[in-house]
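Me: I would like a close look at the empty space in this protein, beginning with the largest pocket and then moving to what surrounds it. Please take the time to connect the parts with one another.

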Amino acid sequence: MKFGKEFSSQMVPEWQQAYMDYDYLKTLLKEIIRFKLRTNNAPTRGGAKNHQGGGLNRKMTLYRAHRKNTCNKSGVYNTFLFIVAVIPYASRLLQCLRRLFEEKNPEQGWNGLKYFLTIVAVCLRTAYSIQKGQIAWRVLAAISSAAAAIFSTYWDFIHDWGLLNRTSKNRWLRDKLLIPQKKVYFIAMILNVLLRFAWIQTILDFNFSFMHRQTMVTLVASLEIIRRGIWNFFRLENEHLNNVGKYRAFKSVPLPFNYDEDEDKDD
């Protein structure tokens, strides 16, 4: 009795919902003690024993099923949620700032701005996921996410992929292409835009009767992995062609012989 009062008086208010239900725990322990006493004193009949055990098992199962899971309501959990969401973009932002100061390249500053906008958007979307129903958080998350997605899409097409060049001999693409089918680049751009804006689902809260909400979150995360794979292919292609153009790499390695020259010598 004294422990119960002391336990209740020393609860931290922010963590109060995460504490165990002490009163129900006492009731459960008393039930266990009564069950053990009945089991020890009762005759060894399998039916009665199984009946009592089934009742206790049923109560334990109901307790585990209906107890409140308040982990996601604690301040530590929410703080950790923000940190995990921001770490990848923060590391890239620091890398861009380092290259900006070391190489004096203003392009790295704009690239860092892209990651900064993404960090703001991720933080506001995370805050909205915690404060569901708050219109202010929803509007801020939508505006910041739209700004980050538009700026990042522009950066993908213009700087990372080197596309959308109106003066190129390949209309709206670039002069040098490794893939002969030009439609592949346009399809990749359309997919990049669609997958870039997959975050809209987290703001508009689409609900499908055949799909759990966490399943939808996992699906959106998987789409981002696919988008990054597509981005990596065309980013590496553009980087390789730029290196070739600046004589930092070879587009192809020549063989040490030439059939045409050999035929000329024979003639």
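Reply: What follows describes the largest pocket, then the second largest pocket, and then the cores and a few single residues. The model is a predicted one, and its values should be read with that in mind.

As a frame for the pockets, the protein has 10 helices and zero strands, and buried residues make up 26% of its 267 residues. Among contacts in the protein with a separation of 6 or more, 58% are between residues 24 or more positions apart.

The largest pocket holds about 1300 Å³ of space, and 37 residues line it, with Val122, Arg125, Thr202, Val217 and Val220 lying nearest its centre. Several helices take part in this lining, since at least two residues each are supplied by α4 (75–103), α5 (106–130), α6 (135–160), α7 (183–196) and α9 (213–245). The helix that gives the most is α5, with 10 residues. By character, the lining divides into 18 nonpolar, 10 polar and nine charged residues. As for its place in the protein, the largest pocket lies between domain 1 (76–151) and domain 2 (160–249), because both domains give residues to its lining.

The second largest pocket has a volume of about 500 Å³, and of the 21 residues that line it, Arg99, Glu107, Gln108, Arg235 and Glu239 are the closest to its centre. Here α4, α5, α6 and α9 each supply at least two residues of the lining, and the lining of this second pocket likewise draws on the two domains, with at least three residues from each of domain 1 (76–151) and domain 2 (160–249). Its lining residues divide into four nonpolar, seven polar and 10 charged.

From the pockets we can turn to the packed side chains. The largest nonpolar core has 11 residues, namely Phe157, Trp161, Leu163, Leu173, Leu177, Ile179, Tyr185, Ala188, Met189, Trp231 and Phe234. Both α7 and α9 supply at least two residues of this core, and α7 gives the most, with three residues. Tyrosine 185, one of the core residues, is in contact with Leu163, Leu173, Arg174, Leu177, Leu178, Ile179, Phe234 and Glu237, if its neighbours within four places in sequence are left aside. There is also a second, separate core of six residues, which includes Ala141, Ala149, Trp199 and Ile203.

Glutamate 237, a contact of tyrosine 185, deserves a separate word. Its place is in helix α9, and it counts as buried because its relative accessibility is 4%, which falls under the 20% cut-off. Not counting residues up to four places away in sequence, glutamate 237 touches Arg174, Leu177, Leu178, Ile179 and Tyr185, and of these partners Leu177, Ile179 and Tyr185 belong to the largest nonpolar core.

Finally, the loop between α6 and α7 contains two residues with a backbone angle worth checking by eye. Most residues other than glycine have a negative phi. Leucine 164, found in that loop, has a positive phi near 60 degrees, and tryptophan 172, found in the loop between α6 and α7 as well, has a positive phi near 65 degrees. Leucine 164 counts as partly exposed, at 34% relative accessibility, and tryptophan 172 is also partly exposed, with a relative accessible area of 37%.

Definitions and conventions
Residues numbered from 1 in each chain as written. Predicted model: local features only at pLDDT ≥ 70, side-chain atom pairs only at ≥ 80, totals over all residues. Heavy atoms only, no water. 1 Å grid on protein atoms, 1.4 Å probe; cavity = no way out; pocket = protein on both sides within 12 Å on 5 of 7 lines; lining within 4 Å. Points joined across faces, edges and corners; volume = space filled by probe spheres on them. Nonpolar A, V, L, I, M, F, W, Y, C, P; charged D, E, K, R; others polar. Domains from an automatic or database assignment. Core = buried A, V, L, I, M, F, W, Y, C linked by side-chain atoms within 4.5 Å. Buried < 20%, exposed > 50% of the residue type's maximum accessible area, 1.4 Å probe, protein only. Contact = heavy atoms within 4.5 Å.
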